[in-house]
Amino acid sequence: PFTADVWSEKTVRTTVPEGASRFNFRVGVTKKSVVLLDDCSFRRVANASTEPRLTVTPTALNSVSAAINTTANMTPLTIRQANLTTPVTLEITGANRDCFSLSTNSITAAEAQVVVSYHPTAVGTHKAMLIIESSNHPELSQTISLTGKSYDPAQPPTLSIAPASIAPFTAAVNADSSITVQLTSANCIDYVYAKVEHLQGAAFTINNSMFTQNTTVPVRITFHPTAAGTYSSRITFSSDKADDVAI
């Protein structure tokens with residue numbers, strides 16, 4: 001993966017299977033971005049097969065969620081290696097390493113799949129680091145961040161707002177009218193996030209878009225009209241595994 005606003009070069013080295021006559025590739029593009037392909041070329045490299053190689057795909061793993069005392073598997077990793085003088089080893093480190101496990105810790109095959117499993121015993125967000133290396137080739141070492149989020153089905157995350165409804169605001173043009181409501185969260189895995197959706201005009205704002213979980217925090221809502229008229233917005237609060245609440 002790479003990001004650039006100028007011309008950049010990406011080089012990929014691969015073997016050539018016997019009889020191959022076509023090479024296919026795919027470019028993944030994020031929304032609202034532009035990729036211009038200026039030139040593609042192929043070059044045979046002599047003795048390329050003698051160089052040590054260690055590749056891991058995908059290069060990153062998405063976070064997974066699991067109920068406490070259950071197991072969730074992450075996307076399998078494909079590990080390819082060649083011309084290494086020592087086996088490929090895998091190790092999980094970090095404060096929450098006990099929440100993660102591997103299907104294997106050592107690889108000698110040219111290609112193998114490895115599954116990282118997440119098995120939490122307590123509610124919360126857990127993080128660790130996966131290190132993939134060959135001891136005689138430290139320059140090829142790779143690391144992958146691991147994140148898991150766990151919840152207790154018997155005590156699911158909950159959100160509430162007090163008061164649950166608010167009387168209409170009134171304010172002069174370019175003046176403020178504000179009110180503070182109380183956001184309460186319990187048993188949440190992660191932060192509580194807030195999103196303002198303007199239904200009619202755009203005059204409402206809030207003091208933050210992310211709030212600490214499992215406590216009661218004030219949320220200040222401000223009405224600031226720039227022209228006379230009627231305005232309407234919806235503010236939605238959400239947290240992983242909790243039902244959304246909205247004003």
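This report covers the nonpolar cores, a surface patch and four individual residues of a predicted model.

Local features need pLDDT of at least 70 and side-chain atom pairs count only at pLDDT 80 or more, while totals for chains, interfaces and linings use all residues. Residues are numbered from 1 along each chain as its sequence is written, and side-chain values use heavy atoms, with hydrogens and water left out.

**Cores**

A nonpolar core is a set of buried Ala, Val, Leu, Ile, Met, Phe, Trp, Tyr and Cys residues joined through side-chain atoms within 4.5 Å. Buried stands for under 20% relative accessible area, exposed for over 50%, and partly exposed for values in between (1.4 Å probe, protein chains only). The largest nonpolar core has 27 residues, and the members touching the most others are I79, F100, V116, L130, I132 and L146. A second, separate core of 21 residues includes C188, V192, A242 and V245. In soluble globular proteins, nonpolar side chains tend to be buried together.

With contact taken as heavy atoms within 4.5 Å, and neighbours within four places in sequence left aside, the partners of V116 include F100, L130 and L146, as well as N73 and S101.

**Individual residues**

Strands are DSSP runs (E, at least two residues), numbered from the N terminus. The table gives place and relative accessibility for four residues.

| Residue | Place | Relative accessibility |
|---|---|---|
| S185 | strand β13 (residues 177–186) | 5%, buried |
| T236 | strand β18 (residues 232–238) | 15%, buried |
| F25 | segment before β1 (53–57) | 49%, partly exposed |
| T226 | loop between β17 (216–223) and β18 | 55%, exposed |

The side chain of S185 reaches the backbone nitrogen of N214 at 2.6 Å. Beyond four places in sequence, S185 is in contact with T158, L159, V192, T212, Q213, N214 and T215; V192 is also a member of the second core.

T236, on the same basis of leaving out residues up to four places away, touches Y193, A194, K195, D244, V245 and A246. Of these, V245 is listed in the second core.

T226 has contacts with V173, N174 and Y231 once its neighbours within four places are set aside. The C-alpha atoms of T226 and P120 are separated by 50 Å, with the two positions 106 residues apart along the chain.

**Surface patch**

F25 belongs to a nonpolar surface patch together with F23, V27, V29, V35, L37 and F42. Their accessible area together is about 710 Å², by the Shrake-Rupley method with a 1.4 Å probe. Residues in such a patch have over 30% relative accessible area and no salt bridge, and nonpolar side chains are joined within 5 Å. A salt bridge here is a side-chain nitrogen of Lys or Arg within 4 Å of a carboxyl oxygen of Asp or Glu.

Notes:
Helices (H or I, at least four residues) and strands (E, at least two) are DSSP runs, numbered from the N terminus. A polar contact is a pair of N or O atoms within 3.5 Å; within protein, one must be able to donate a hydrogen and the other to accept it, and residues adjacent in sequence count only if both atoms are side-chain atoms. Patches are made of residues with over 30% relative accessible area and no salt bridge: like charges are joined within 9 Å, nonpolar side chains (Val, Leu, Ile, Met, Phe, Trp, Tyr) within 5 Å.
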